[in-house]
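Grab your viewer and work through two short exercises on who touches what. Try each task yourself before reading its solution.

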Amino acid sequence: MKSLVSVIMGSHKDYMTLKRQKLDEQNTNQRFLLEDGKVSQIFKGVSVYITGFTDPPSAVLKEIVLRNGGSVQMFFSKTHVTHIVASNLPDFKVKLWKNDMIVTPLWIVDCDAAQSRLSEAKYILYRTSENIKDMMTKNEVNIVKSVSKNIPETTSKDFVGEFYSNSRLHHLSTSVSELRHEVSRLQSQYHPSYMPTNRKQTASVIVHVDIDCFFVSISLCSRPHLRGKPVCVTHAKPNDKLDSYAEISSCSYEARKFGVQNGMFLGNALKLCPNIITVPYEFESYHKASNELYRILVEKTPYVEVVSCDEAFMDIVELVDISDETLIQEFVQDLRSQIHSSIGCTVSAGIGPNKLVARMATRQGKPNGQYVCYSEESVQDYIKSQPLQNLPGIGRATCHKLELQNFKLCGDLLLKSKAELSDLLGPKTGETVYYYCRGIDLRDLILKHERKSISVEINYGIRVETIKELETFLLNLCKELDNRMKAEKVSGSLVTLKLKERSENAAVEPIKYMGHGICDNISKSVNIANATNDGSVIHSKVMSLVNSMTLIPRDIRGIGVQISKLKDSSLDQKNFANTNKKISKGSKDVPICTSFQCSVPEFLGHKNTGDVKNIIKNWCESPEPYQVDVDKVDEYLSQLIKYQNINFVQELLKFMRKILKERGVPEWNAVFNSTLQNVQRQIHVILNGILNLEDL
DNA sequence: ATCCTCCCCTAC
DNA sequence: TAAGGTAGGGGAGGAT
Ligand SMILES: Nc1ccn([C@H]2C[C@H](O)[C@@H](COP(=O)(O)OP(=O)(O)OP(=O)(O)O)O2)c(=O)n1
Ligand SMILES: [Mg+2]
């Protein structure tokens, strides 16, 4: 209840917002408190492992078990599991678990119905052994793996890469910055003298192009027999059933007629459209199609803004006669048909005086059509008839606020003043909405983009038991971040840790397999003295954040790391080397730890402990401690701890303390204390111990 | 006023 | 089973 209580003490409005949001979660039926607040205990001490397809489905069984005081294990383990639940098991599994209690799902259902713990006798899964032979080579490998490996796969080495290679949202998100680079390349190829600058949208003819049901369209290129049918792209196999919580990435317009939408669970879509056909992802093809789309656009004009892999704005004011609408229509027709014949997908387009109107017009043109809304008069007429939901940037929450005031259409706001809207929505949003409702868009066409942050985040399949496991996973994430930062040639100096934590009343296992379920979001950030793109430095900072929070590792359902306050990494100043004239002469301009491969941490390029001690000695004798230098020392000590060279950590700290004690300067003593505290925290977390600085 | 931190919201 | 990411805008509330 933490979050709800704290919000109740805030304002009523916020409470309602939060509550609505939680009820909106796709899985509202996963709470397990009884209405009277008591919890059934008939499964107390029961710990089940559900395997294979069951009837009822595993999500239902989990809910029943949890509601009745039992627990559900995601991985089989002889020590933790009391009951294996299965509807059907191949013989080799029966054999593998012959000494364990294997029951049918009916046991759980019946116990729940009777509200008492029935004998398992009648529910033992029995399966006659017959000719199974080698039906299982592949399955067996999987089983053996999940049995021997009862640790969650979250911490596994390949988890991050494996997840990302299958994540549509990852591909979707990362494609944008790739396409910005591609557009820049195309601009210099087709328009060598063009210098990118953002453009005001005064005197513009903006075209918004958007491929129709992009992912589906691509799939249909190689499956022409599916044209005209309800089709969707999803990971779930076609034979999976109505209880699938796989998300639909994109669905055809035939499926939309039934109410199916992008982002919907397959199971729900099947309820609306039982005949929907599923096809798999083809990430490589999307990539090629996007590149070709942008090639065609940039070939026409350099004024192209990347929106997403299937969507862009372009300003064609220099290519058409602004007063000749027929000419504009023809130009866009040609453009669309060129795209269609080149990549095989139909495209829709909207044309207007700015991005806002063009974007809204595309909706009118879809699918496979176009709509011009350019003259002052048609803009006013069109916009005022539009639902507020359709305004870009105005989504569910904002719309809800406006609906509470009885506003539904853009036209409904025309009598409201800027001040009134600002009171309701905040100063910026209020003003934006005020102008949007009048068809006015004060944004620029973005042709020169500057990245402000870079982040990695996984909120799927995250199950950790200990801080140590969290640390391992974070190290993998930071490696990924390190790669991306180096590829993008940026470094940054604000490190933010983002976590999802299971909400107080949310079921331990959400209804969606390995999903995050209902969560509270937590974020915490720390500034670092020098911009870095070194994953191991970031990791140590992130661990100090982890350290400073009170976390229940098993409740963590999502983990991310974001870097902001970015700089161009080629301009990175190696600050220690500059300021360290006070510390030591002649040290090299080398970052402390440049890669994860080094097995011995470096301090200013020195691995040799004697050299390091000399540098530290000089530093400790310098007049004044600089924070940048303190950070470097702290980072080095973190590295030592990570590589388990605790002896040298101890030696170095005692060495520093000896020098500083003699000096007796308060600032330096403070530095030493904070450094020591840092070290103790990390040793506590990583090695579960305390460093003794006294004897030895 | 302006900044900062910790969020929430939105879009694809 | 399933692969619920990512970047940017901006608001609330406190510190400066
Ligand atoms: N919730 C979502 C929304 C979109 N996408 C992916 C699949 C879409 O094909 C692509 C482009 O998104 P659009 O919003 O443009 O949707 P479509 O292109 O599928 O349909 P439309 O014809 O409405 O543009 O992004 C996704 O994976 N999940
Ligand atoms: Mg589209």
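The exercises below deal with a DNA strand and a ligand.

This is a predicted model, where local features need pLDDT of at least 70, side-chain atom pairs count only at pLDDT 80 or more, and totals for chains, interfaces and linings use all residues. Residues are numbered from 1 along each chain as its sequence is written, chains are lettered from A and ligands numbered from 1 in the order in which they are written, and side-chain values use heavy atoms, with hydrogens and water left out.

**Exercise 1.** Find which residues come nearest to DNA strand B.

*Solution.*
- Step 1: collect the residues near the strand (a heavy atom within 4 Å of it). You get 19, with Arg359, Gly395, Thr398, Ser525 and Asn527 coming nearest.
- Step 2: check the DNA side. Sugar and phosphate make up 97% of the strand B atoms that come within 4 Å of the protein.
- Step 3: look for polar contacts (pairs of N or O atoms within 3.5 Å). A backbone N or O atom of Arg396 sits 3.3 Å from a phosphate oxygen, and a polar side-chain atom of Asp310 is 3.3 Å from a sugar or linking oxygen.

**Exercise 2.** Work out which side chains have an N or O atom by an oxygen of ligand 1.

*Solution.*
- Step 1: list the surroundings. There are 16 residues, and Arg168, Cys213, Ser249, Ser250 and Tyr253 are the closest.
- Step 2: read off the distances to a ligand oxygen: 2.6 Å for Tyr253, 2.9 Å for Arg256 and 3.1 Å for Asp210.

How values were computed:
Polar contact = N/O pair within 3.5 Å; in protein donor to acceptor, adjacent residues only side chain to side chain.
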